[in-house]
Amino acid sequence: MIIPINTYSDPVLALKAKPLRGIDPSVEELIGNMFESMRNASGIGLAAPQIGSSIRLLVIDISCMDSYKDAKPMVVINPRILAVKGRNVMEEGCLSVPGVMGDVSRPSAINLHYRDEHFEEHTAEFTGMIARVLQHEIDHLDGTLFVDRMEKRDRRSIQKELDAITDGLVRAEYPLARDAVVGAKR
Ligand code: ZN
């Protein structure tokens with residue numbers, strides 16, 4: 001089922017999400033809905049809070065990008081970044097901030113502990129695009145959006161667009177959670 005996406009200034013996006021204790025049918029259904037909603041919106045990553053579930057779960061699928069055709073879809077539960085290396089700047093966007101792009105500086109490699117869709121534990125190093133998307137999605141679990149990590153001057157230059165999203169004036173080619181509290185204070 002395609003779930004509408006929560007957008008900038010919706011309170012659920014500012015919460016610290018709760019860890020999952022295990023997998024049950026409702027979590028499996030949520031994971032399916034997340035992949036469906038993400039692909040419907042042509043996204044490469046989605047965190048559960050973006051569709052209104054404040055839990056530490058995210059999905060990634062970058063195989064739609066030309067250079068990553070062989071990349072496998074990933075389910076990441078209760079992620080914990082153990083170590084980081086390097087740093088680079090890349091332009092990011094977000095399904096929750098429709099129509100806005102901006103440069104964000106992040107570590108270029110991460111060592112991550114997480115559980116998969118079977119609740120099996122993994123510790124692995126990620127680099128490149130996957131490391132970038134993982135960090136963006138993990139931020140969502142801590143109530144942080146990529147615009148919060150932009151340089152102050154860049155951030156000021158997009159404030160009008162952000163205000164328009166808050167005011168409910170922005171449409172996207174995928175369903176947005178229009179029942180969200182329009183104009184809610186962050
Ligand atoms: Zn995002």
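**Notes on the sheet, the zinc site and the empty spaces**

1. Let's start in the sheet: strand β2 (residues 57-60) pairs with β3 in the antiparallel sense, over four bridges. One pair to look at there is Leu58, whose bridge partner in β3 is Val76. Keep in mind throughout that this is a predicted model.

2. On to the partner strand β6. Strand β3 (residues 74-85) and strand β6 (residues 109-115) run antiparallel and are joined by six bridges. Two pairs are handy for finding your way along this stretch: Arg80 stands opposite His113 in β6, and Val84 stands opposite Ile110 in β6.

3. Now the whole sheet. Five strands make up an open sheet in the order β1-β2-β3-β6-β7, with antiparallel pairing. The edges are β1 (45-47) and β7 (121-127), each of which pairs on one side only. From one strand to the next, the twist averages 40 degrees.

4. Two backbone spots deserve a look. Asn78 is not a glycine, yet has a positive phi of about 45 degrees. Asn78 sits in strand β3, and its 18% relative accessibility falls under the 20% limit, so Asn78 counts as buried. The other spot is Phe119, also not a glycine, with a positive phi near 65 degrees. Phe119 is placed in the loop between β6 and β7, and at 18% relative accessibility Phe119 counts as buried.

5. Next, the metal. Which residues coordinate the zinc ion? The donors are Cys94 through SG, His136 through NE2 and His140 through NE2, at 2.0 to 2.2 Å. Along the chain these donors follow the spacing C-x41-H-x3-H. Cys94 lies in the loop between β4 and β5 (102-106), while His136 is in helix α2, so this pair ties together parts that are 42 residues apart in sequence. A caution when counting donors: water is not among the atoms, so sites may look incomplete.

6. Are these two zinc donors, Cys94 and His136, buried or exposed? Cys94 has 10% relative accessibility and counts as buried. His136 is buried too, with a relative accessible area of 7%. Buried here means under 20% relative accessible area, so both values qualify.

7. The largest pocket brings those two residues back. About 380 Å³ of space lies in the largest pocket, and 19 residues line it. Those nearest its centre are Ile44, Glu92, Gly93, Cys94 and His136, and two of these names, Cys94 and His136, are also zinc donors. The elements giving two or more residues to this lining are β4 and α2. The largest share, five residues, comes from α2. By class, the lining of the largest pocket divides into nine nonpolar, six polar and four charged residues.

8. The second largest pocket holds about 200 Å³ of space. Of its 13 lining residues, the closest to the centre are Ile81, Gln135, Ile138, Asp139 and Arg149. Here β3, β5 and α2 are the elements that give two or more residues to the lining. What classes do the residues of this lining divide into? There are four nonpolar, two polar and seven charged residues in the lining of the second largest pocket.

9. Last, the enclosed spaces. The structure holds two cavities of 30 Å³ or more, and the second largest cavity has a volume of about 40 Å³. Its lining is made of Asn88, Met90, Pro107, Ser108, Gly128, Ala131, Arg132 and Gln135. The elements that give two or more residues are β4 (88-92) and α2 (128-141). Of these, α2 gives the most, with four residues. Sorted by class, this lining has three nonpolar, four polar and one charged residues.

10. One thread to follow while turning the model is helix α2. Helix α2 holds the zinc donor His136, gives the largest share of the lining of the largest pocket, and gives two or more residues to the lining of the second largest pocket. The lining of the second largest cavity also takes the most from α2. Gln135 is a good residue to pick out along the way: Gln135 is among the residues closest to the centre of the second largest pocket, and Gln135 also lines the second largest cavity.

Methods. Residues numbered from 1 in each chain as written. Predicted model: local features only at pLDDT ≥ 70, side-chain atom pairs only at ≥ 80, totals over all residues. Heavy atoms only, no water. 1 Å grid on protein atoms, 1.4 Å probe; cavity = no way out; pocket = protein on both sides within 12 Å on 5 of 7 lines; lining within 4 Å. Points joined across faces, edges and corners; volume = space filled by probe spheres on them. Nonpolar A, V, L, I, M, F, W, Y, C, P; charged D, E, K, R; others polar. Donors = N, O, S within 2.8 Å, 3.2 Å for Na, K, Ca; no water. Buried < 20%, exposed > 50% of the residue type's maximum accessible area, 1.4 Å probe, protein only. Pairing = 2+ DSSP bridges. Axes fitted to C-alpha atoms, helices over the stretch in contact; angles between N-to-C directions.
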